[in-house]
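Please open the model in your viewer, keep the sequence panel beside it, and follow the stops below in order, selecting each item as it is named.

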Amino acid sequence: MSYDKKMVNRINRIQGQLNGVIKMMEEEKDCKDVITQLSASKSSIQRLMGVIISENLIECVKSADDDNELSQKQINEAVNLLVKSK
């Protein structure tokens, strides 16, 4: 699977969020603010996981050939990843 620039940019934004959380913790900011930022980071990661899994699923379906058993196995793996990411 290929990962496009948008996906990498999302990771960079998440890194920025997490660096901000570290700074907040070092400055002993209110726990509600820290948790809010951690929650935003978590949501961003979950959205990115969903994008990656859906792209993978699309590739599996597009590459489906006459081997329905293999195609079904690949689709099941993608769905299992989606479930695991929740």
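Among the contacts in the protein with a separation of 6 or more, 56% are made by residues 24 or more positions apart, and this is worth keeping in mind as you turn the whole chain in a model that is predicted. Colour by secondary structure and you will find 3 helices and 0 strands, in the order α-α-α from the N terminus on. If you then show the surface, about 6700 Å² of it is accessible, and carbon and sulfur atoms hold 54% of that, while 15% of the 86 residues count as buried.

**Colour by confidence**

Switch to colouring by pLDDT, for which the mean over the protein is 86, with 90% of the residues reaching 70 or more. Select helix 1, residues 5-26, where confidence is highest at a mean of 96, and then helix 3, residues 68-84, where confidence is lowest at a mean of 74. Where pLDDT is low, the predicted coordinates should not be read in detail.

**The loop after helix 1**

Now select E28, which sits in the loop that lies between helix 1 and helix 2. Is E28 buried or exposed? With a relative accessible area of 73%, E28 is exposed, because that value is over the 50% cut-off. Look at the backbone of E28 as well, since its phi is positive, at about 55°, although E28 is not a glycine. Most residues other than glycine have a negative phi.

Next, show the side chains of E27 and K29, which form a salt bridge whose closest N and O atoms are 3.8 Å apart; the structure holds 1 salt bridge. Both partners are partly exposed, K29 with a relative accessible area of 44% and E27 with one of 42%.

**Along helix 2**

Move on to D30 and zoom in on the start of helix 2, where a side-chain oxygen of D30 comes to within 3.2 Å of the backbone nitrogen of K32. Then select the whole of helix 2, residues 31-62, and follow its 32 residues from the first C-alpha to the last, a reach of 46 Å that is close to the 46 Å expected at 1.5 Å a residue.

Which residues of helix 2 are buried? They are V34, S41, S44, L48, I53 and C60, and two of them, S41 and S44, make good next stops.

Select S41 in helix 2, which has a relative accessibility of 2% and therefore counts as buried, the cut-off being under 20%. Once residues up to four places away in sequence are set aside, S41 touches Q17 and L18. Then select S44, also in helix 2, where the relative accessible area is 14%, so that S44 is buried too. Leaving aside its neighbours within four places in sequence, S44 is in contact with I14 and Q17, so Q17 is a residue to keep displayed while you look at both serines.

**A last pair**

Finish at G50, whose place is in helix 2 and which counts as partly exposed because its relative accessibility is 24%. Select L82 together with G50 and draw a line from C-alpha to C-alpha: the two residues are 32 apart in sequence and 6.6 Å apart in space.

Definitions and conventions:
Residues numbered from 1 in each chain as written. Predicted model: local features only at pLDDT ≥ 70, side-chain atom pairs only at ≥ 80, totals over all residues. Heavy atoms only, no water. Helix = DSSP H or I, 4+ residues; strand = E, 2+ residues; numbered from the N terminus. Buried < 20%, exposed > 50% of the residue type's maximum accessible area, 1.4 Å probe, protein only. Contact = heavy atoms within 4.5 Å. Expected span 1.5 Å × (residues − 1). Polar contact = N/O pair within 3.5 Å; in protein donor to acceptor, adjacent residues only side chain to side chain. pLDDT = per-residue confidence, 0-100. Areas by Shrake-Rupley, 256 points an atom, 1.4 Å probe, with all protein chains shown as cover. Salt bridge = Lys/Arg side-chain N within 4 Å of Asp/Glu carboxyl O.
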